Amino acid sequence: MKTIKHYMRIVLPVLMAAVMMVACSSNKDKEGAFIPKDAYFVADINVASIWQKGELANAEQLGSIQVVRSALEASAPEFNNLFGNILKDPSSCGINMERNISFFMTEKMVGITATLKDQKTFEDFIATLNKEGDGIKTEKDGSLKVINFANEFVGVYDENHLVFAFDTKSCSDLESQKNYAKSLFDLDIDESMADDENYEKYLAERQDINFYASYANILKLSGGLAKIEIGRAVQQECRDRY
């Protein structure tokens, strides 16, 4: 029977990405450079801003957090230490908190992209998750590295960026997920959202939590409906932020 430790090792990296992750010289450091232009939905979070406004550095004093930490200490003390370290310093997992984490959806894939602050720190974090050999494996693939999380999902990273990809039609097809994530590292700028005029406008107006929908891409998914003429503003974009 799989233990809480097993599931924590699988779920924790995604939780950390979703809750904690938040321009340089190369084009791949441009916002949207890892998001394909055919994405019809993008959401991103300014974690650093939320962290500061919510005074989350003091979250350890909250009763609910103390309950969680007590449960972790009893069942999985190594995760309690990880959790405590990240509460004090989110960058202890190796993720750059000054850059947004982005989620995107295409016809076949859901992706998560983030920026690494320090590759060695991130790899130490992954090694700690796998302290008891619970099936997390990292292997080199050319200039990239691939993390297999117990054959549940994969992540691909280099010294600067981290990408997760999930196949919406076949969650068990890890090979296609890996290949798709790898392809985003070779994505040309003109094939990415970084070259989309409406997405650039969205970036300029972003706040802490943001949503972007491309109705042009949504209509392409609907086949014949894409031929229906609608207003330019509706066809091209919808933006929300909080």
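## A bridge between S5 and H5

Let's start with a charged pair: lysine 145 and glutamate 123 join their side chains in a salt bridge, at 2.8 Å from N to O (the term covers a side-chain nitrogen of Lys or Arg within 4 Å of a carboxyl oxygen of Asp or Glu). This contact ties distant parts of the chain together, with lysine 145 in strand S5 and glutamate 123 in helix H5, 22 residues apart. Lysine 145 is partly exposed because its relative accessibility is 25%; here buried means under 20% relative accessible area, exposed over 50%, and partly exposed in between, with a 1.4 Å probe and protein chains only.

The model is predicted, so local features need pLDDT of at least 70 and side-chain atom pairs count only at pLDDT 80 or more, while totals for chains, interfaces and linings use all residues. Residues are numbered from 1 along each chain as its sequence is written, and side-chain values use heavy atoms, leaving out hydrogens and water.

## Other salt bridges

The structure has seven salt bridges. One of them sits within helix H5 (residues 119-129), where lysine 120 and aspartate 124 are four residues apart, about one turn of the helix; their side chains meet at 3.0 Å, N to O. Lysine 120 counts as exposed because its relative accessibility is 52%, whereas aspartate 124, at 37%, is partly exposed.

Lysine 178 pairs with aspartate 141, and their closest N and O atoms are 4.0 Å apart. Here helix H6 meets strand S4 (residues 136-141), across 37 residues of chain. Lysine 178 counts as buried because its relative accessibility is 13%. Through shared partners, salt bridges join Asp141, Glu175, Lys178 and Lys182 into one network.

## The nonpolar core

Now for the interior: the largest nonpolar core has 25 residues, and Ile35, Val42, Phe104, Leu184 and Tyr199 touch the most other members. Such a core is a set of buried Ala, Val, Leu, Ile, Met, Phe, Trp, Tyr and Cys residues joined through side-chain atoms within 4.5 Å. Strands S5 (144-149), S6 (153-157) and S7 (161-167), along with H6 and H7, each supply at least two of its residues. H6 gives the largest share, five residues.

## The whole protein

The protein contains nine helices and nine strands, which are DSSP runs numbered from the N terminus (helices H or I, at least four residues; strands E, at least two). Of its 242 residues, 45% are buried.
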